[in-house]
Amino acid sequence: MRICYVIIIIGLLCCGLAQASGWQAVKSEHFVVYYKEDKNFAGETLRQAEKYYNKIASDLGYSRYDKFWQWENRVKIYIYPTREDFVESTGIERQWANGMANYEKKEIISYKWSKGFTESLLPHELTHLIFRDFVGFTGKIPLWLDEGVAQWEEKARGHAIKIVKNLIKDGNYIPVRRLMAMDVRHEDNYELARNFYAQATTLVGYLIEEYGGIKFSLFCRQLRDGKSVDEALSFVYANSIRSVDELEKKWLKYYGGG
Ligand SMILES: [Zn+2]
(Lines give C-alpha, C1' and ligand atoms only; values in the text may rest on other atoms or scores of the structure.)
Protein backbone atom coordinates (compact mmCIF):
# COMPACT_ATOMS: atom_id res chain seq x y z
CA MET A 1 0.00 0.00 0.00
CA ARG A 2 1.32 3.36 -1.02
CA ILE A 3 1.18 6.19 1.42
CA CYS A 4 1.54 9.73 0.25
CA TYR A 5 3.41 12.58 1.76
CA VAL A 6 1.72 15.90 1.43
CA ILE A 7 3.51 19.16 1.83
CA ILE A 8 1.34 22.20 2.01
CA ILE A 9 3.91 24.92 1.86
CA ILE A 10 7.16 24.28 0.08
CA GLY A 11 7.72 27.59 -1.58
CA LEU A 12 11.46 27.32 -1.77
CA LEU A 13 11.42 23.93 -3.38
CA CYS A 14 8.94 25.02 -6.02
CA CYS A 15 10.89 28.10 -7.02
CA GLY A 16 13.87 25.83 -7.34
CA LEU A 17 11.96 23.40 -9.51
CA ALA A 18 10.54 26.02 -11.82
CA GLN A 19 13.99 27.38 -12.50
CA ALA A 20 15.77 24.06 -12.69
CA SER A 21 17.13 23.22 -16.08
CA GLY A 22 16.66 20.12 -18.15
CA TRP A 23 12.87 19.95 -18.03
CA GLN A 24 10.81 19.41 -21.16
CA ALA A 25 7.05 19.80 -21.21
CA VAL A 26 3.89 18.41 -22.81
CA LYS A 27 0.58 20.22 -22.31
CA SER A 28 -3.14 19.55 -22.42
CA GLU A 29 -6.27 21.48 -21.44
CA HIS A 30 -5.80 21.20 -17.67
CA PHE A 31 -2.21 19.95 -17.22
CA VAL A 32 1.44 20.54 -18.03
CA VAL A 33 3.68 17.52 -17.55
CA TYR A 34 7.40 18.24 -17.07
CA TYR A 35 9.81 15.40 -17.73
CA LYS A 36 13.51 14.83 -18.22
CA GLU A 37 13.32 11.65 -20.25
CA ASP A 38 10.73 9.32 -21.81
CA LYS A 39 8.29 11.51 -23.70
CA ASN A 40 5.90 8.57 -24.13
CA PHE A 41 5.50 8.19 -20.37
CA ALA A 42 4.89 11.94 -20.05
CA GLY A 43 2.24 11.75 -22.81
CA GLU A 44 0.53 8.80 -21.14
CA THR A 45 0.57 10.69 -17.82
CA LEU A 46 -1.10 13.65 -19.51
CA ARG A 47 -3.81 11.43 -21.01
CA GLN A 48 -4.49 9.70 -17.68
CA ALA A 49 -4.52 13.00 -15.78
CA GLU A 50 -7.30 14.39 -18.00
CA LYS A 51 -9.28 11.17 -17.55
CA TYR A 52 -8.95 11.25 -13.74
CA TYR A 53 -9.73 14.95 -13.65
CA ASN A 54 -13.17 14.36 -15.21
CA LYS A 55 -13.93 11.36 -13.06
CA ILE A 56 -12.87 12.81 -9.70
CA ALA A 57 -14.60 16.16 -10.27
CA SER A 58 -17.77 14.36 -11.19
CA ASP A 59 -17.54 11.88 -8.24
CA LEU A 60 -17.11 14.70 -5.76
CA GLY A 61 -19.79 16.84 -7.38
CA TYR A 62 -17.37 19.61 -8.43
CA SER A 63 -17.92 19.43 -12.20
CA ARG A 64 -19.40 22.88 -12.38
CA TYR A 65 -15.99 24.31 -11.57
CA ASP A 66 -14.45 22.65 -14.58
CA LYS A 67 -12.98 25.80 -16.08
CA PHE A 68 -10.78 26.65 -13.12
CA TRP A 69 -7.73 24.66 -14.15
CA GLN A 70 -7.18 26.03 -17.63
CA TRP A 71 -4.38 28.09 -19.17
CA GLU A 72 -2.12 29.65 -16.57
CA ASN A 73 -4.01 27.77 -13.86
CA ARG A 74 -3.11 24.39 -15.28
CA VAL A 75 -1.75 21.83 -12.81
CA LYS A 76 1.96 21.13 -13.18
CA ILE A 77 3.20 17.56 -12.87
CA TYR A 78 6.95 17.01 -12.47
CA ILE A 79 8.26 13.52 -13.19
CA TYR A 80 11.82 12.75 -12.15
CA PRO A 81 13.49 9.84 -13.97
CA THR A 82 14.31 7.86 -10.80
CA ARG A 83 13.49 7.77 -7.11
CA GLU A 84 17.08 8.82 -6.35
CA ASP A 85 16.60 11.99 -8.42
CA PHE A 86 13.31 12.67 -6.64
CA VAL A 87 14.82 12.21 -3.18
CA GLU A 88 17.90 14.24 -4.04
CA SER A 89 15.91 17.19 -5.38
CA THR A 90 13.11 17.28 -2.81
CA GLY A 91 15.01 16.16 0.29
CA ILE A 92 12.21 13.73 1.18
CA GLU A 93 13.69 10.49 2.38
CA ARG A 94 10.86 8.66 4.08
CA GLN A 95 10.73 5.12 2.81
CA TRP A 96 7.12 5.24 1.77
CA ALA A 97 7.11 8.70 0.20
CA ASN A 98 6.79 8.35 -3.55
CA GLY A 99 5.43 11.73 -4.39
CA MET A 100 3.84 14.86 -3.06
CA ALA A 101 1.35 17.57 -3.86
CA ASN A 102 1.70 21.27 -3.26
CA TYR A 103 -1.83 22.61 -2.92
CA GLU A 104 -1.07 26.27 -3.31
CA LYS A 105 1.21 25.90 -6.30
CA LYS A 106 -1.03 23.24 -7.87
CA GLU A 107 1.92 20.94 -8.39
CA ILE A 108 2.45 17.20 -8.20
CA ILE A 109 6.03 15.99 -7.89
CA SER A 110 7.06 12.38 -8.28
CA TYR A 111 9.22 10.07 -10.33
CA LYS A 112 8.67 7.48 -13.02
CA TRP A 113 7.55 4.26 -11.38
CA SER A 114 5.15 3.12 -14.11
CA LYS A 115 2.00 1.41 -12.91
CA GLY A 116 2.14 2.68 -9.35
CA PHE A 117 2.45 6.23 -10.60
CA THR A 118 -0.45 6.28 -13.06
CA GLU A 119 -2.83 4.01 -11.15
CA SER A 120 -2.25 5.16 -7.66
CA LEU A 121 -0.19 8.30 -7.04
CA LEU A 122 -1.69 10.38 -9.85
CA PRO A 123 -5.40 9.97 -8.93
CA HIS A 124 -4.50 10.30 -5.23
CA GLU A 125 -2.68 13.61 -5.56
CA LEU A 126 -5.17 14.96 -8.11
CA THR A 127 -7.96 14.30 -5.62
CA HIS A 128 -6.04 16.30 -2.99
CA LEU A 129 -5.78 19.23 -5.39
CA ILE A 130 -9.43 19.14 -6.48
CA PHE A 131 -10.56 18.73 -2.87
CA ARG A 132 -8.44 21.70 -1.78
CA ASP A 133 -9.76 23.85 -4.60
CA PHE A 134 -13.21 23.10 -3.30
CA VAL A 135 -12.68 23.46 0.45
CA GLY A 136 -10.04 26.18 0.30
CA PHE A 137 -6.98 26.68 2.45
CA THR A 138 -8.35 28.52 5.42
CA GLY A 139 -10.77 25.91 6.76
CA LYS A 140 -9.58 23.23 9.10
CA ILE A 141 -9.92 20.02 7.13
CA PRO A 142 -8.79 17.06 9.21
CA LEU A 143 -6.08 14.85 7.77
CA TRP A 144 -8.17 11.66 7.92
CA LEU A 145 -10.75 13.29 5.62
CA ASP A 146 -8.18 14.70 3.21
CA GLU A 147 -6.40 11.36 2.94
CA GLY A 148 -9.58 9.28 3.06
CA VAL A 149 -11.04 11.05 0.04
CA ALA A 150 -7.79 10.80 -1.92
CA GLN A 151 -7.41 7.11 -1.14
CA TRP A 152 -11.05 6.37 -1.97
CA GLU A 153 -10.58 7.83 -5.47
CA GLU A 154 -7.42 5.82 -5.95
CA LYS A 155 -8.95 2.38 -6.35
CA ALA A 156 -7.07 1.34 -3.23
CA ARG A 157 -10.45 0.96 -1.66
CA GLY A 158 -10.68 -2.84 -2.12
CA HIS A 159 -7.41 -3.30 -0.31
CA ALA A 160 -8.41 -0.84 2.42
CA ILE A 161 -11.70 -2.64 3.01
CA LYS A 162 -9.86 -5.94 3.40
CA ILE A 163 -7.48 -4.46 5.98
CA VAL A 164 -10.33 -2.84 7.89
CA LYS A 165 -12.41 -6.01 8.02
CA ASN A 166 -9.47 -7.81 9.61
CA LEU A 167 -8.79 -4.98 12.07
CA ILE A 168 -12.43 -5.00 13.17
CA LYS A 169 -12.53 -8.77 13.42
CA ASP A 170 -9.44 -8.78 15.65
CA GLY A 171 -10.50 -5.70 17.62
CA ASN A 172 -7.30 -3.93 16.53
CA TYR A 173 -8.75 -0.88 14.83
CA ILE A 174 -7.79 2.65 15.89
CA PRO A 175 -10.69 4.21 17.84
CA VAL A 176 -12.27 6.71 15.44
CA ARG A 177 -11.94 9.69 17.75
CA ARG A 178 -8.23 8.97 18.14
CA LEU A 179 -7.84 8.47 14.39
CA MET A 180 -9.39 11.86 13.72
CA ALA A 181 -6.74 13.56 15.84
CA MET A 182 -3.75 11.69 14.39
CA ASP A 183 -1.10 13.37 12.25
CA VAL A 184 0.15 10.41 10.28
CA ARG A 185 2.72 12.51 8.44
CA HIS A 186 4.99 12.18 11.44
CA GLU A 187 4.28 8.50 12.00
CA ASP A 188 7.23 6.16 11.66
CA ASN A 189 5.28 3.03 12.51
CA TYR A 190 4.37 1.67 9.08
CA GLU A 191 1.61 -0.60 10.31
CA LEU A 192 -0.10 2.17 12.27
CA ALA A 193 0.18 4.50 9.25
CA ARG A 194 -1.26 1.77 7.01
CA ASN A 195 -4.19 1.24 9.39
CA PHE A 196 -4.81 4.98 9.56
CA TYR A 197 -5.09 5.19 5.77
CA ALA A 198 -7.27 2.11 5.49
CA GLN A 199 -9.67 3.30 8.18
CA ALA A 200 -9.82 6.85 6.80
CA THR A 201 -10.59 5.45 3.34
CA THR A 202 -13.45 3.31 4.60
CA LEU A 203 -14.91 6.08 6.79
CA VAL A 204 -15.17 8.27 3.67
CA GLY A 205 -16.40 5.28 1.67
CA TYR A 206 -19.08 4.51 4.23
CA LEU A 207 -20.41 8.09 4.21
CA ILE A 208 -20.40 8.32 0.39
CA GLU A 209 -21.84 4.86 -0.27
CA GLU A 210 -24.48 4.97 2.41
CA TYR A 211 -25.62 8.61 2.22
CA GLY A 212 -24.40 9.89 -1.17
CA GLY A 213 -21.96 12.45 -2.57
CA ILE A 214 -24.16 15.51 -2.09
CA LYS A 215 -24.43 15.04 1.67
CA PHE A 216 -20.75 14.26 1.80
CA SER A 217 -19.91 17.57 0.06
CA LEU A 218 -22.18 19.35 2.51
CA PHE A 219 -20.41 17.64 5.43
CA CYS A 220 -17.00 18.79 4.10
CA ARG A 221 -18.27 22.34 3.72
CA GLN A 222 -19.44 22.39 7.35
CA LEU A 223 -15.95 21.43 8.49
CA ARG A 224 -14.44 24.02 6.19
CA ASP A 225 -16.67 26.64 7.76
CA GLY A 226 -15.44 25.84 11.25
CA LYS A 227 -17.83 23.26 12.70
CA SER A 228 -16.35 20.39 14.72
CA VAL A 229 -16.76 16.86 13.30
CA ASP A 230 -19.53 16.16 15.85
CA GLU A 231 -21.38 19.33 14.88
CA ALA A 232 -20.96 18.74 11.15
CA LEU A 233 -22.19 15.14 11.44
CA SER A 234 -25.28 16.04 13.41
CA PHE A 235 -25.99 18.97 11.06
CA VAL A 236 -25.83 16.89 7.87
CA TYR A 237 -26.76 13.37 9.00
CA ALA A 238 -29.14 14.37 11.78
CA ASN A 239 -31.45 11.39 11.33
CA SER A 240 -28.72 8.79 11.48
CA ILE A 241 -25.37 10.03 12.83
CA ARG A 242 -25.15 12.71 15.47
CA SER A 243 -21.61 12.25 16.77
CA VAL A 244 -18.24 10.62 16.10
CA ASP A 245 -19.21 7.80 18.48
CA GLU A 246 -22.34 7.05 16.46
CA LEU A 247 -20.29 7.17 13.27
CA GLU A 248 -17.88 4.62 14.77
CA LYS A 249 -20.74 2.28 15.70
CA LYS A 250 -22.27 2.43 12.21
CA TRP A 251 -18.90 2.08 10.50
CA LEU A 252 -18.10 -0.99 12.65
CA LYS A 253 -21.41 -2.54 11.68
CA TYR A 254 -20.99 -1.70 7.97
CA TYR A 255 -17.57 -3.31 7.64
CA GLY A 256 -17.65 -5.75 10.52
CA GLY A 257 -21.20 -6.95 10.16
CA GLY A 258 -21.60 -6.81 13.93
ZN1 LIG B 1 -2.47 11.88 0.39
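Let's start with S4 and S5, which pair in the antiparallel sense over four bridges; two strands count as paired if DSSP finds at least two bridges between them. One spot to look at is Asn 102, which stands opposite Glu 107 in S5. By strand and helix I mean DSSP runs, numbered from the N terminus: E with at least two residues for a strand, H or I with at least four residues for a helix.

A quick word on what you're looking at. This is a predicted model, where local features need pLDDT of at least 70 and side-chain atom pairs count only at pLDDT 80 or more, while totals for chains, interfaces and linings use all residues. Residues are numbered from 1 along each chain as its sequence is written, and side-chain values use heavy atoms, with hydrogens and water left out.

So, the sheet. In what order do the five strands of the open sheet come? The order is S1-S2-S3-S5-S4, and the pairing is mixed. S1 (24-27) and S4 (99-102) stand at the edges with a single partner strand each, so each has one side without a neighbour in the sheet. From one strand to the next, the twist averages 15°. As a reminder, strands of a sheet pair through backbone hydrogen bonds, either parallel or antiparallel.

Let's walk across from S1. It runs antiparallel to S2, and four bridges join the two. S1 and S2 form a hairpin, with three residues between them. Within that pairing, Val 26 has Val 33 in S2 as its bridge partner.

Next comes S2 (residues 31-35) with S3, a parallel pair over five bridges. Here Phe 31 stands opposite Val 75 in S3, and Val 32 has Lys 76 of S3 as its bridge partner. On the other side, S3 pairs with S5 (residues 107-111), again in the parallel sense and over five bridges. In that pairing, Tyr 80 is partnered with Tyr 111 of S5.

Are these strands buried or exposed? For S2, five of its five residues are buried, and buried here means under 20% relative accessible area, with exposed being over 50% and partly exposed in between (1.4 Å probe, protein chains only). In a regular strand the side chains alternate between the two faces of the sheet. You can follow that in S2: Phe 31, Val 33 and Tyr 35 point one way, Val 32 and Tyr 34 the other way, and all are buried. As for S3 (residues 75-80), five of its six residues are buried, so that strand is largely enclosed by the rest of the structure.

Now for the helices against the sheet. H2 lies across S1, S2 and S3, and runs at about 155° to S2. For these angles, axes are lines fitted to C-alpha atoms, for helices over the stretch in contact, and the angles run from 0 to 180 degrees between N-to-C directions. H2 (residues 39-59) has 21 residues and reaches 30 Å from its first C-alpha to its last, close to the 30 Å expected at 1.5 Å a residue; the expected span is 1.5 Å times one less than the number of residues. Its buried residues include Phe 41, Leu 46, Tyr 52, Tyr 53 and Ile 56. Then there's H3 (residues 83-90), which lies across S3, S4 and S5 at about 130° to S5.

Further along the chain, helices meet helices. The axes of H5 (residues 143-153) and H8 come within 7 Å and cross at roughly 75°. That makes H5 roughly perpendicular to H8, on a scale where under 35 degrees is roughly parallel, over 145 roughly antiparallel, 65 to 115 roughly perpendicular and the rest oblique. Among the residues that meet are Trp 144, Gly 148 and Trp 152 in H5, and Phe 196, Thr 201 and Ile 208 in H8; contact means heavy atoms within 4.5 Å. The H5 and H8 contact divides into 11 nonpolar, four polar and two charged residues. Nonpolar covers Ala, Val, Leu, Ile, Met, Phe, Trp, Tyr, Cys and Pro, charged covers Asp, Glu, Lys and Arg, and the others, Gly among them, are polar.

I'd like to pause at Thr 201, which sits in helix H8. Which residues does Thr 201 touch, not counting residues up to four places away in sequence? They are Gly 148, Gln 151, Trp 152, Arg 157 and Ala 160. Thr 201 is buried, with a relative accessible area of 0%.

To zoom out, the chain comes to 11 helices and five strands, and 54% of its 258 residues count as buried.
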